[in-house]
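Student: I should be grateful for a close look at one part of this protein, namely a pair of packed helices, followed by the other local features that help to place that part within the chain.

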Amino acid sequence: PRAVHLADYQPYTHRVEHVALTFRLAPRATRVLAALRLSPNPGRPGRHDLRLDGEQLRLIAVRIEGREVAARVDATGMTIPAEMLPEGGFTLETEVEIAPEGNTALEGLYMSRGMYCTQCEAEGFRKITYYPDRPDVMAPFRVRIEADLPVLLSNGNPLGQGPGWAEWEDPWPKPAYLFALVAGDLVAHSADFTTASGRAVALNIWVRAGDQDRCAYAMDSLIRSMRWDEEVYGREYDLDVFNIVAVDDFNMGAMENKGLNIFNSKYVLASPETATDDDFARIEAIIAHEYFHNWTGNRITCRDWFQLCLKEGLTVFRDQQFSGDMRSHAVKRIEDVLMLRARQFREDGGPLAHPVRPDSYVEINNFYTATIYEKGAEVIGMLKRLVGEEGYARALDLYFTRHDGEAATIEDWLRVFEDATGRDLAQFKRWYTEAGTPRVKVWEEWDGESYTLTFEQENPATPGQPEKGAKVIPIAVGLLNPNGDEVLPTTVLELTQDRQSFRFPAAARPVPSILRGFSAPVVLERDVSPEERAFLLAHDTDPFNKWEAGRALAKDLLARMVTEGAAPGPDWLDAIARVTFDEGLDPAFRALALRLPGEDDMASTLHAGGITPDPARIWAERRRMGEALARRLGPQLPGLIEALAEPGPFTPDARAAGRRALRIAALALLARVDGGRAARAAHAAADNMTEEVGALIALLEVGAGQEELVAFEARWGRDRNVMDKWFALQIAHAHPDQAVAVTEALTRHPDFDWKNPNRFRSVIGALSANHAGFHHGSGAGYRLVADWLLRLDPLNPQTAARMSTAFETWPRYDADRQGMVQAELARMAAAPGLSRDLGEMVARMRG
Ligand code: DPP
Ligand code: ZN
């Protein structure tokens with residue numbers, strides 16, 4: 001398969017002025033009639049053939065201006081030679097037949113439990129009809145749907161409907177990847193919204209009968225998102241209706257189709273009994289994310305798929321701001337950084353590393369990554385820090401006015417910042433074009449009068465990019481004096497060279513707090529004593545760095561436990577104890593401070609320090625660490641658990657969720673010293689899924705919980721979203737020596753519907769999330785995951801490819817494990833008929 005290169009971009013030969021589509025839906029033979037109004041693109045002078053993308057379509061007819069023409073059809077599209085095209089504008093009509101029922105890839109038009117739905121991003125529209133399926137071709141769409149089903153939906157505003165048909169019109173020119181159609185037996189949870197300028201908008205969340213009482217939180221999140229985008233970004237909604245549909249079979253989290261968002265049902269449906277606090281928070285964030293795309297993605301879209309971060313990085317940044325405003329900025333930032341390190345740093349440090357704006361790909365679906373999304377958002381956070389709140393607001397206003405209705409590039413994006421603020425961003429652009437996580441070393445020097453911080457940045461080689469220039473790195477610092485008072489409030493230093501020093505007047509030697517708020521996505525390397533970390537954990541005014549100090553303390557300790565058999569000492573135990581019982585701190589923050597470093601994170605840190613990680617040993621030492629903490633805090637835990645019990649009914653707000661998080665963390669610790677007694681009682685008393693699952697995990701972690709698992713299945717066996725948790729948690733929390741056996745047993749469970757992406761992820765994905773289980777010395781974890789990827793690939797290449805990233809960390813481990821992973825990668829590479837999706841991933845991972 002050939003790679004596509006950014007450097008080869010050319011505008012499309014034609015313009016699409018209008019699209020009219022008619023769908024005659026039938027599971028095995030859906031007819032799609034398309035009428036495209038086309039004209040030559042003045043941006044591509046000369047006469048050109050008309051090339052349309054199309055895959056897996058049965059062509060019935062092609063007409064130009066009503067007359068049949070003979071088009072050349074191949075496996076990826078159709079060509080109509082220039083000499084057969086009229087001069088100037090013309091109408092092209094096509095008629096094709098497709099089979100949504102047999103579409104297991106869940107791309108294009110497919111069926112999910114009797115309901116028709118679509119997923120077109122990135123290149124699914126070509127499986128629906130012949131079309132220039134590229135984001136820079138934008139057109140208004142009119143859609144007619146004919147089907148004997150009660151609910152028929154498409155983008156835009158409703159034009160009319162009757163028994164067996166409906167028509168929709170979307171006046172906003174859009175690329176084909178934002179097209180959507182849904183048809184099924186659905187019910188709506190509805191509400192009204194009035195925009196700031198007075199437009200009445202009907203809001204509907206469409207679900208299966210029986211699920212409508214689980215939509216309230218998603219609706220509330222939608223209304224808050226709409227209001228927030230008006231207030232914070234001055235962006236209003238622009239249609240008369242906004243529809244959301246929940247679908248059980250979905251490759252992604254959700255999709256921002258214009259006026260008709262389609263969601264994985266797990267990110268819509270929630271009730272206190274069925275959803276955890278984390279589920280509620282994710283629903284709020286994803287509803288917001290897809291809604292925010294209406295401006296950042298839909299009104300302004302991407303010129304080509306290399307610019308994917310233009311909409312995704314910005315929209316993630318916006319949803320992070322929103323969640324921070326709705327909940328707690330401190331807690332949100334810590335959670336975002338945990339996730340960035342766990343997923344993006346991991347990607348950036350391995351064979352799949354790629355720039356935020358890549359310059360080539362084989363299969364674009366493989367680039368919906370943590371780098372494009374999360375690092376893309378971090379880059380915008382840095383930009384905002386560099387130009388300030390006001391500069392950012394001016395730049396964004398300019399972006400919206402200058403590029404509304406356009407398909408834009410990263411160059412356009414940076415230019416609005418340059419024009420609005422006068423800043424030169426040529427060097428900053430390297431964040432978009434160069435992969436890899438910079439490492440920043442710090443030295444300090446105090447001479448009695450002044451204090452100097454010296455930074456050195458190193459930009460590691462990544463695949464295809466051996467050498468890199470210095471980045472612009474905003475480093476937020478504060479200084480504390482030895483009694484804990486802040487003597488320098490947060491100040492942003494701009495590191496632009498390989499090595500650079502900054503001086504501050506200081507009569508006493510200060511304690512620095514560096515990279516406050518995690519002001520840049522870098523690895524900070526600095527030798528800090530446990531005393532200084534404990535001091536910052538106690539005194540830092542920056543909540544992120546306060547947490548980071550505790551985390552670093554724990555990681556230093558765990559590293560010493562793993563490498564030299566050290567024992568958890570009082571410096572760490574006492575520091576964590578103080579935070580845990582500090583009533584002045586947010587319980588959500590305390591819960592985060594109690595969380596031990598993850599095993600994968602530890603493996604990565606050891607590897608970066610030149611030590612080959614042993615997964616079994618990391619697991620055992622981390623466990624020993626938890627037990628020591630449990631013994632230290634044990635006597636005070638029952639009191640804390642008692643004090644945090646929420647009286648009254650469940651509410652999903654951040655305050656209540658934070659209290660539950662701390663309570664569950666305490667229960668999990670206590671289980672290590674009381675054999676699970678308190679957790680079992682909490683499980684029995686739980687009236688919400690957060691505590692039910694939290695207590696169950698606490699039990700599983702100490703080798704108990706079997707009865708509770710049986711009861712859980714008996715109670716929730718018919719609920720797909722809840723049962724996904726049941727599958728996942730017993731694998732994720734299995735003993736490393738049993739994880740593969742538990743997974744294998746669950747793959748034989750009658751409800752292991754492996755063609756459903758959520759269920760596949762809950763089982764196979766859960767095994768790859770069990771670090772010591774997946775990387776088990778027997779190689780059985782590698783084998784099982786590879787077996788299942790090979791089984792899924794012919795049916796659903798997108799999800800198979802996405803999940804193959806389980807293998808991306810192989811270079812960290814010992815020669816035996818490396819050899820075993822390489823053997824599995826080679827086995828996959830050699831599989832007959834391997835998809836382009838999985839094939840590209842495997843090839844990149846093999847290196
Ligand atoms: N649905 C995916 C997202 O919103 C891709 N656009 O990020
Ligand atoms: Zn998105």
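Tutor: The account below begins with one helix pair and then moves outward to a second pair, the nonpolar core and several loops.

The model is predicted. Two packed helices are described by the angle between their axes and the distance between the axes. Helix α21 spans residues 757-769 and helix α23 spans residues 780-792; the two pack at an angle of about 150°, and their axes are 9 Å apart. Because angles over 145 degrees count as roughly antiparallel, α21 is roughly antiparallel to α23. The crossing of α21 past α23 is left-handed. On the α21 side, the contact is made by Phe760, Ile764, Leu767 and Ser768, and these meet Gly781, Leu784, Val785, Trp788 and Leu792 of α23. By class, the residues of this contact comprise 7 nonpolar and 2 polar, with no charged residue.

The chain beyond this pair includes the loop between α24 (797-803) and α25 (815-829), where Phe807 is found. Phe807 has 25 C-beta neighbours inside 10 Å and therefore counts as buried. Its C-alpha atom is separated by 9.3 Å from that of Ala786, which is 21 residues away along the chain. If neighbours within four places in sequence are left aside, Phe807 is in contact with Val821, Leu825 and Met845.

Another phenylalanine, Phe367, lies in the loop between β23 (360-361) and α5 (370-403). With 21 C-beta neighbours inside 10 Å, Phe367 also counts as buried. Phe367 and Arg802 are 435 residues apart in sequence, yet their C-alpha atoms are 9.3 Å apart in space. Not counting residues up to four places away in sequence, Phe367 touches Leu308, Pro358, Tyr361 and Ile372.

A second helix pair may be set beside the one described above. Helix α4 (residues 329-348) packs against helix α9 (residues 543-564) at an angle of about 45°, with their axes 9 Å apart. The helices α4 and α9 are therefore oblique to each other, and α4 passes α9 in a right-handed crossing. Here Ala330, Arg333 and Ile334 in α4 meet Pro543, Phe544 and Trp547 in α9. This contact of α4 with α9 has 5 nonpolar residues, 1 charged residue and no polar residue.

As to the interior, nonpolar side chains in soluble globular proteins tend to be buried together. The largest nonpolar core in this model has 242 residues, of which Val182, Leu667 and Ile731 touch the most other members. With residues up to four places away in sequence not counted, Leu667 touches Ile641, Ala678, Ala679, Ala682, Gly694, Ala695 and Ala698.

Some backbone details remain. Leu106, in the loop between β9 (90-98) and β10 (108-112), has a positive phi of about 60° although it is not a glycine. Leu106 is buried, since 24 other C-beta atoms lie within 10 Å. Arg113 lies in the loop between β10 and β11 and likewise has a positive phi, of about 45°, without being a glycine. Arg113, however, counts as exposed, because it has 11 C-beta neighbours inside 10 Å. Finally, a cis peptide bond with omega of about 0° joins Glu121 and Ala122, and Ala122 is placed in the loop between β11 (115-119) and β12 (139-146).

Definitions and conventions:
Residues are numbered from 1 along each chain as its sequence is written. Chains are lettered from A and ligands numbered from 1 in the order in which they are written. This is a predicted model: local features need pLDDT of at least 70, side-chain atom pairs count only at pLDDT 80 or more; totals for chains, interfaces and linings use all residues. Axes are lines fitted to C-alpha atoms, for helices over the stretch in contact, and angles run from 0 to 180 degrees between N-to-C directions. Helices (H or I, at least four residues) and strands (E, at least two) are DSSP runs, numbered from the N terminus. Angles under 35 degrees count as roughly parallel, over 145 as roughly antiparallel, 65 to 115 as roughly perpendicular and the rest as oblique. A crossing is left-handed if the near helix is turned anticlockwise from the far one by less than a right angle, and right-handed if clockwise. Two residues are in contact if their C-beta atoms, placed from the backbone, lie within 7 Å. Ala, Val, Leu, Ile, Met, Phe, Trp, Tyr, Cys and Pro count as nonpolar, Asp, Glu, Lys and Arg as charged, and the others, Gly among them, as polar. A nonpolar core is a set of buried Ala, Val, Leu, Ile, Met, Phe, Trp, Tyr and Cys residues joined through C-beta atoms within 7 Å. A residue is buried if 20 or more other C-beta atoms lie within 10 Å of its own, exposed if 12 or fewer, and partly exposed in between; C-beta atoms are placed from the backbone.
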